[in-house]
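Trainee: Could you take me through one part of this protein at close range? I'd like to hear about a helix and what it touches.

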Amino acid sequence: MPALAQDVLSSGRVTTVKPLDSFHRLVCDINRILGPSSGLNSNDVDPKDIEKLMDKYTSNESEWSQYAYADHTRAYTRNLVDHGNGKSNLILKGSLQETLYSWPDRDLVNDDKPSPLRIKKETTYRENQVTYMSDNVSLK
């Protein structure tokens, strides 16, 4: 019998291990896929694998509410649940609008003239949708 189990039995204490809810299972599965890598941008990690996991999760506020801290001075609040690398976002409540902009016009910038931002694409993500943010995606 393993030493830990032996100690628990001989001490007379009964320890109950609560099964993980689906949110905490998701966090564990993401950590398993990331492994010892340096994050989603690592060559050995396919971001699509993380997105698939996140896409399967259906938001249940009772599972993640302990991590939710709203900041009413901001338009939105992102809360860290696990260290990961902070580049995948699962929308648990509300919505998120992503706006991608074109690069400024180099000729105008080189001539010290203003080059206003031009919207290239706008996408709204709703509850239970997944989006992936990476400089490799947005800086092209």
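Mentor: Let's look at helix α2 and its partners. This is a predicted model, where local features need pLDDT of at least 70, side-chain atom pairs count only at pLDDT 80 or more, and totals for chains, interfaces and linings use all residues. Residues are numbered from 1 along each chain as its sequence is written, and side-chain values use heavy atoms, with hydrogens and water left out.

The protein has six helices and four strands (DSSP runs numbered from the N terminus: H or I of at least four residues for helices, E of at least two for strands). Helix α2 covers residues 22-34, and its axis comes within 10 Å of that of α3, residues 47-56, crossing at roughly 170 degrees (axes are lines fitted to C-alpha atoms, for helices over the stretch in contact, with angles from 0 to 180 degrees between N-to-C directions). That makes the two helices roughly antiparallel, a label for angles over 145 degrees. On the α2 side, the contact (heavy atoms within 4.5 Å) uses Leu26, Asp29, Ile30, Ile33 and Leu34; α3 brings Asp49, Ile50, Leu53 and Met54.

Now for the aromatic side of α2. Phe23 pairs with Tyr67, 6.0 Å centre to centre and tilted, with 40 degrees between the planes (ring centres within 6.5 Å make a pair; under 30 degrees is stacked, over 60 edge-to-face, the rest tilted). Phe23 lies in α2 and Tyr67 in the loop between α4 and β1, so the pair ties together parts 44 residues apart in sequence. Phe23 is buried at 4% relative accessible area, while Tyr67 is partly exposed at 22% (buried is under 20%, exposed over 50%, partly exposed in between, with a 1.4 Å probe and protein chains only). Tyr57 joins Phe23 and Tyr67 in one aromatic cluster.

Notes. Angles under 35 degrees count as roughly parallel, over 145 as roughly antiparallel, 65 to 115 as roughly perpendicular and the rest as oblique.
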